[in-house]
Amino acid sequence: MMGAGKTRVGRETAQMMGVPFKDADIEIEHEIGMSIPEYFSRYGEPEFRRVESEVIADTLRGFGGIFALGGGAPMTPSVQRTLHEYMDQGGRVVYLQADPAEAMERANRGGGRPMLAGDANERWRTLFRQRDPVFDRIANVHVRTHGSTPQMAARKLMNMIDERVVHVDVVAADSYNVRIGEGALNHLAAVLGSGVARVALIHTQPVQRHSDKARALLRQAGYDVHDIVVPDAEAGKTVAVANGVWERLGVEGFTRSDAIVGVGGGAATDLAGFIAATWMRGVRYVNCPTSLLAMVDASTGGKTGVNTTAGKNLVGSFYTPAGVLADLTTLVSLPNDIFVEGLGEVAKSGFIRDPQILRILENHADELRGFDGATFLGSGLEDVAAELIERTVRVKAYHVSADLKEAGLREFLNYGHTLAHAIEKIEHFRWRHGNAVAVGCMYAAELAHLLGYIDQDLVDYHRSLLSSLGLPISWNGGSFDEVLSLMHRDKKARGNKLRFVVLDGEPGHMVHLDDPPADAVEEAFRRIRR
Ligand SMILES: NC(=O)c1ccc[n+]([C@@H]2O[C@H](COP(=O)([O-])OP(=O)(O)OC[C@H]3O[C@@H](n4cnc5c(N)ncnc54)[C@H](O)[C@@H]3O)[C@@H](O)[C@H]2O)c1
Ligand SMILES: O=C(O)C(=O)C[C@@H](O)[C@H](O)[C@H](O)COP(=O)(O)O
């Protein structure tokens with residue numbers, strides 16, 4: 001909107017990012033050879049919009065910087081088309097959302113704006129009512145600058161345009177974006193949208209500072225926020241905890257148009273998604289993962305659920321979120337062992353689909369294993385982690401987009417999980433999920449080798465890569481019989497036949513392994529014992 005601070009904040013942001021800045025008004029005046037008010041009064045608005053549209057299209061072609069548009073520009077259909085094409089090529093279109101009262105006051109300062117001729121305040125309000133829904137729809141980045149200095153707004157904007165976005169296009173469900181970057185949480189209100197009144201903010205105690213931030217953002221945006229603290233980690237993934245949350249939602253009057261926001265590790269986002277899937281048979285939800293594992297895997301894809309006494313994730317549903325906000329600033333408080341655990345799922349994704357992930361892990365194993373939240377932001381490791389998160393989420397998106405309900409392709413994401421879930425259950429969920437997955441991948445590699453799918457070198461590669469990251473590669477608990485009985489409860493099993501997913505030849509090539517010979521299943525188990 002006029003007065004939102006596009007030029008000031010845009011210029012400031014460009015300076016912080018070390019990129020050029022252009023202002024549409026200056027480019028247009030250069031093109032027409034006179035001031036905009038003069039051109040407007042001589043030739044009228046339609047002619048001005050035509051020139052403006054051409055200047056915008058020309059400027060955006062090949063321009064790598066920040067370009068401040070005039071407030072009316074995005075209302076022109078040809079400009080909208082140009083902006084869509086720009087976004088399709090990876091461009092960011094930012095809606096700078098200033099406090100309306102402040103923006104109106106700034107816009108009227110000094111006068112001279114042709115669009116505000118007459119009663120300037122009333123005219124500004126009318127334009128705002130017309131433009132706000134259009135800007136909201138067109139932009140792919142929404143930055144609220146209420147109460148911010150231009151420098152603060154610029155920093156926020158920089159973080160938001162710097163972020164990585166993975167689009168998850170799901171067959172038979174709404175598509176959504178996974179946003180990865182410092183400040184990704186700032187998108188929360190935009191992702192929830194305006195149809196929601198009450199928000200249940202579900203989180204665990206160790207991530208209180210991050211849920212406080214989410215709550216502040218939600219309150220600022222006018223939502224009625226209900227804080228729901230659930231037991232930490234797997235203790236929160238039970239039907240008893242879910243029942244407690246359903247009770248709260250009932251008492252607090254949550255309706256179908258209200259929403260859930262899950263903040264925390266994978267256990268919290270699995271539970272929050274499950275609540276969203278079941279409350280009134282489905283309400284909107286947004287995941288805000290705060291652990292590496294939740295960022296790369298648990299928060300995306302719509303597998304929601306709880307454990308039962310019989311095993312891991314046995315009750316749940318496939319229910320996709322409205323969006324995922326992986327805010328890298330939340331990793332500052334993540335303990336080292338929980339970061340390292342997350343690398344188990346990252347490596348898994350490298351094995352099943354994206355060998356470049358494996359190379360990045362190899363090249364940065366020492367830094368990754370030594371993760372320290374206190375020095376993470378702004379370090380070289382942050383770029384490495386952001387790249388790994390984006391790549392791993394892309395692997396996830398590839399599988400869930402085509403096969404949301406896990407009829408076949410999606411099962412490849414379950415590499416290593418047949419044994420992993422048995423380990424977690426036998427260990428009473430004291431073993432971390434990502435660690436169990438690392439051992440499970442080792443087991444799947446041994447099994448694939450025994451059956452002639454992969455050579456010994458690839459088994460050895462699993463062992464050396466996973467251990468270089470600080471992940472476990474063997475497990476000594478439980479007996480084979482216990483493990484076998486639990487593996488029969490794995491969701492890939494069919495009837496009384498086991499079903500695994502294994503590598504075929506090399507990383508990136510996966511096959512299903514139905515009903516493998518019993519002696520190989522046992523021998524592979526023997527090989528992962530210390
Ligand atoms: N739905 C899926 O597709 C999917 C995929 C993978 C894993 N999962 C599930 O995810 C869970 C594992 O997730 P996880 O590894 O995040 O475990 P978790 O949720 O148990 O979190 C681990 C610990 O880290 C804490 N924590 C998280 N973020 C923190 C932060 N920023 N600062 C300080 N502490 C923080 C948590 O409170 C918890 O104590 C398992 O239940 C697993 O089954 C689900
Ligand atoms: O998204 C999937 O599909 C996966 O299998 C991802 C796994 O990494 C994840 O641990 C998932 O929760 C396992 O699901 P389950 O169906 O085996 O319980």
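# Note on the ligand sites and annotated positions

1. Thr-7 counts as partly exposed because its relative accessibility is 31% (buried is under 20%, exposed over 50%, partly exposed in between, with a 1.4 Å probe and protein chains only). The model is predicted: local features need pLDDT of at least 70, side-chain atom pairs count only at pLDDT 80 or more, and totals for chains, interfaces and linings use all residues. Residues are numbered from 1 along each chain as its sequence is written, chains are lettered from A and ligands numbered from 1 in the order in which they are written, and side-chain values use heavy atoms, with hydrogens and water left out.

2. Thr-7 is part of helix 1, residues 6-17 (helices are DSSP runs of H or I with at least four residues, strands are runs of E with at least two, and both are numbered from the N terminus). Apart from neighbours within four places in sequence, Thr-7 has contacts with Phe-21, Asp-23 and Ala-68 (contact means heavy atoms within 4.5 Å). An unreviewed UniProt entry lists Thr-7 under "binding site"; such positions are given in the numbering used here, with shortened feature names, and may be inferred rather than shown by experiment.

3. Which other residues does the unreviewed UniProt entry cover with the annotation "binding site"? They are Asp-25, Arg-49, Gly-71 and Arg-131. Asp-25 belongs to helix 2, residues 24-32, and is partly exposed, since its relative accessibility is 35%. Residues up to four places away in sequence aside, Asp-25 touches Ile-36 and Gly-70.

4. Is Gly-71 buried or exposed? With a relative accessibility of 10%, Gly-71 counts as buried. Gly-71 sits in the loop that runs between strand 2 (66-68) and helix 5 (77-88). Neighbours within four places in sequence aside, the contacts of Gly-71 are Lys-6, Arg-131 and Phe-135. Arg-131 is thus a contact of Gly-71 and is also covered by the "binding site" annotation in the UniProt record.

5. Ligand 1 is surrounded by 30 residues, with Asp-232, Glu-234, Thr-290, Ser-291 and Lys-312 the closest (a residue is near a molecule if one of its heavy atoms lies within 4 Å of it). This shell comprises 9 nonpolar, 10 polar and 11 charged residues (Ala, Val, Leu, Ile, Met, Phe, Trp, Tyr, Cys and Pro count as nonpolar, Asp, Glu, Lys and Arg as charged, and the others, Gly among them, as polar). Helix 12 (266-278), helix 13 (292-298), strand 12 (311-318) and helix 14 (336-352) each contribute at least two shell residues.

6. Three side chains around ligand 1 can be listed with distances (a polar contact is a pair of N or O atoms within 3.5 Å; within protein, one must be able to donate a hydrogen and the other to accept it, and residues adjacent in sequence count only if both atoms are side-chain atoms).
   - Thr-290 has a polar side-chain atom 2.7 Å from a nitrogen atom of ligand 1.
   - Ser-291 places an N or O side-chain atom 2.5 Å from an oxygen atom of ligand 1.
   - Glu-341 has a polar side-chain atom 2.8 Å from an oxygen atom of ligand 1.

   Taken alone, ligand 1 exposes 860 Å², of which the protein buries 94% (areas are from the Shrake-Rupley method with a 1.4 Å probe; for residues, only the protein chains shown count as cover).

7. Around ligand 2 there are 13 residues, and Asp-297, Lys-303, Arg-410, Asn-414 and Lys-491 come nearest. They divide into 1 nonpolar, 5 polar and 7 charged. Oxygen atoms of ligand 2 lie 3.0 Å from a polar side-chain atom of Lys-348, 2.8 Å from an N or O atom in the side chain of Asn-414, and 2.9 Å from an N or O atom in the side chain of His-433. The protein buries 93% of the 440 Å² that ligand 2 exposes when taken alone. Helix 14 and helix 19 (417-426) are the elements that give two or more residues to this shell. Helix 14 also supplies at least two residues of the shell around ligand 1.

8. Two backbone angles deserve a look. Most residues other than glycine have a negative phi. Met-280, which is not a glycine, has a positive phi of about 55 degrees. Met-280 is in the loop between helix 12 and strand 10 (284-289) and is partly exposed, at a relative accessible area of 37%. Asn-313 likewise has a positive phi, near 55 degrees, and is found in strand 12.

9. Asp-99 falls in the loop between strand 3 (94-97) and helix 6 (100-108). With a relative accessible area of 24%, Asp-99 is partly exposed. The C-alpha atoms of Asp-99 and Gly-3 are 9.8 Å apart, while the two residues are 96 residues apart in sequence.
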